[in-house]
Amino acid sequence: MSKIQIVVTMDCERPTSDTHAAASGPPNLEKAEIWTRAYADIAAEFSFPVTYFIHPEVAVAQADLFRELESDGHCLGLHLHAWRFDARFQCEFGGLTEAQSRTMLAEASQMWRQAFGTDPLYFRQGTLSANDSLFRVLADLGFRGGSVSLPGRVFPDKHAVWAGAPLDPHRGHSIFRQLEGDLDFANMPISVDTSELHHRDGRQFYWDLRPDFDGLDYATMARNIVAQIQERSPAVPCINMLTHNDHDFADEQGRVCRNFRTVLIEITAACREATLTPVSATLADICDQVLAQSIKPATFDPSGGRVFLDVDDRPQ
């Protein structure tokens, strides 16, 4: 392994004036446009394009902005919070039945076609909320890839449980979301530092590299993530970091803006310290590589993979 691909992403939410004051998202579309452009400008300083995941209402309202960004080499994908798209559903995406998720994605895709004249090919759902039908539904509807998992996240109240999920890009599984599968759908997980699993308020998670956080040691996190990827040596080495369009990336002195530059500096430095070349990429690039890999045949352990929890449980 001689390189790691760096994928910079942003979830583009509806303005909070249209959803809920406590929800993620910009206060209005005017600020959202300024902050979205500024995010791309900072990423460009490091020669990184951005993969934008856009809520369908935002895609319609800001179609010209995102067409321009796409023409500049950025990648566009669909973003959905179930409750923000249809108030009848007071849940995130993983709380929908398979039929409901198909219907919602079809309606959202129709809005995407209204905005861009094409079908959406890439997807990320809000809060990384999912159930076991997710990959199957997305593949059936013609999506070729997404960034739909956050390994280690266990937020049961949000229907977001990714304990034990694959850490590196892989094909989705048709019936069990925590396994690699054989679908023609590539998933690029959010990159996490697995050195310590954190617990808070009944939830658990690994830290990731989003610039939103306050007081994190991004240099150590970046080195840890690079070292962990290097040890795993996956077929498609990738660092995938994210944020939302609710931060003022045009404010050079703002905490999140400064953090964003720090994250990109530290990712780049960590790669070079490990004698790896950081390479710019979008989700589309990662999907191309995953789908070009041969499908791994499923294996089954007839022993059942028994785990002995106590010395006295072991067979004599």
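This briefing walks through the core, a central strand pairing, some salt bridges and a few individual residues of the structure above. Keep in mind that it is a predicted model. The largest nonpolar core has 77 residues, and the salt-bridge count comes to 20. On the outside, Ile175, Phe176 and Leu179 make a nonpolar patch of about 290 Å².

**The nonpolar cores**

- Within the 77-residue core, the residues touching the most other members are Tyr52, Ile54, Phe66 and Phe123.
- Helix H8, covering residues 255–273, is the biggest giver here, putting eight residues into this core.
- There is also a second, separate core of 14 residues, and its members include Val7, Val236, Cys238 and Leu283.
- Once you set aside neighbours within four places in sequence, Ile54 is in contact with Cys12, Ala59, Phe66, Leu76, Gly77, Leu78, His79, Trp112 and Phe116.
- Among those contacts of Ile54 are Leu76, Gly77, Leu78 and His79, which brings us to strand E3 (residues 75–80).

**Strand E3 and its partners**

- E3 is mostly covered, with six of its six residues buried.
- In a regular strand, side chains alternate between the two faces of the sheet.
- In E3 both faces are covered: one side has Cys75, Gly77 and His79, the other has Leu76, Leu78 and Leu80, and all are buried.
- E3 pairs with strand E2 (residues 50–54) in the parallel sense, over four bridges.
- In that pairing, Thr51 has Cys75 of E3 as its bridge partner.
- E3 also pairs with strand E4 (residues 122–125), again in the parallel sense, over three bridges.
- Here Leu78 has Phe123 of E4 as its bridge partner, and Phe123 is also one of the residues touching the most other members of the largest core.

**Pro56, a buried helix residue**

- Pro56 sits in helix H2, which spans residues 56–61.
- Is Pro56 buried or exposed? Its relative accessibility is 0%, so Pro56 counts as buried.
- Not counting residues up to four places away in sequence, Pro56 touches Leu78, His79, Leu80, Phe85, Ala108 and Met111.
- Pro56 and Val154 are 98 residues apart in sequence, and their C-alpha atoms are 27 Å apart in space.

**His244, a buried loop residue**

- You'll find His244 in the loop between strand E12 (238–241) and H8.
- With a relative accessible area of 13%, His244 falls under the 20% cut-off and is therefore buried.
- Which residues does His244 contact, leaving aside neighbours within four places in sequence? They are Met10, Asp11, Glu13, Ser24, Arg210, Asp212 and Phe249.
- Met10 and His244 are 234 residues apart in sequence, yet C-alpha to C-alpha they are 5.1 Å apart in space.

**Salt bridges**

- Arg37 pairs with Glu68 in a salt bridge, with the closest N and O atoms 2.8 Å apart.
- Arg37 is in helix H1 (residues 29–45) and Glu68 is in helix H3 (residues 63–71), so this pair ties together parts that are 31 residues apart in sequence.
- Both ends of that bridge are partly exposed: Arg37 has a relative accessible area of 27%, and Glu68 has 35%.
- Arg102 and Asp140 form another salt bridge, and their closest N and O atoms are 2.7 Å apart.
- Because Arg102 lies in helix H5 (residues 98–116) and Asp140 in helix H6 (residues 134–140), the pair ties together parts that are 38 residues apart in sequence.
- Arg102 is partly exposed at 26% relative accessible area, and Asp140 is partly exposed at 49%.
- Arg102 and Asp140 also belong to a network of salt bridges that links them with Glu98 and Arg136.
- Asp86 and Arg88 make a salt bridge too, with 2.6 Å between the closest N and O atoms.
- The ends of this one sit in opposite settings: Asp86 is buried at 12% relative accessible area, whereas Arg88 counts as exposed at 67%.

**The surface patch**

- Phe176, one of the three patch residues named above, lies in the loop between strand E8 (170–171) and strand E9 (186–187).
- Phe176 is partly exposed, with a relative accessible area of 38%. That puts Phe176 over the 30% a residue needs to join a patch, so Phe176 passes that cut-off.

Conventions: Residues are numbered from 1 along each chain as its sequence is written. This is a predicted model: local features need pLDDT of at least 70, side-chain atom pairs count only at pLDDT 80 or more; totals for chains, interfaces and linings use all residues. Side-chain values use heavy atoms; hydrogens and water are left out. Patches are made of residues with over 30% relative accessible area and no salt bridge: like charges are joined within 9 Å, nonpolar side chains (Val, Leu, Ile, Met, Phe, Trp, Tyr) within 5 Å. Accessible areas come from the Shrake-Rupley method with a 1.4 Å probe; for residues, only the protein chains shown count as cover. A salt bridge is a side-chain nitrogen of Lys or Arg within 4 Å of a carboxyl oxygen of Asp or Glu. Helices (H or I, at least four residues) and strands (E, at least two) are DSSP runs, numbered from the N terminus. Buried means under 20% relative accessible area, exposed over 50%, partly exposed in between (1.4 Å probe, protein chains only). A nonpolar core is a set of buried Ala, Val, Leu, Ile, Met, Phe, Trp, Tyr and Cys residues joined through side-chain atoms within 4.5 Å. Contact means heavy atoms within 4.5 Å. Two strands pair if DSSP finds at least two bridges between them.
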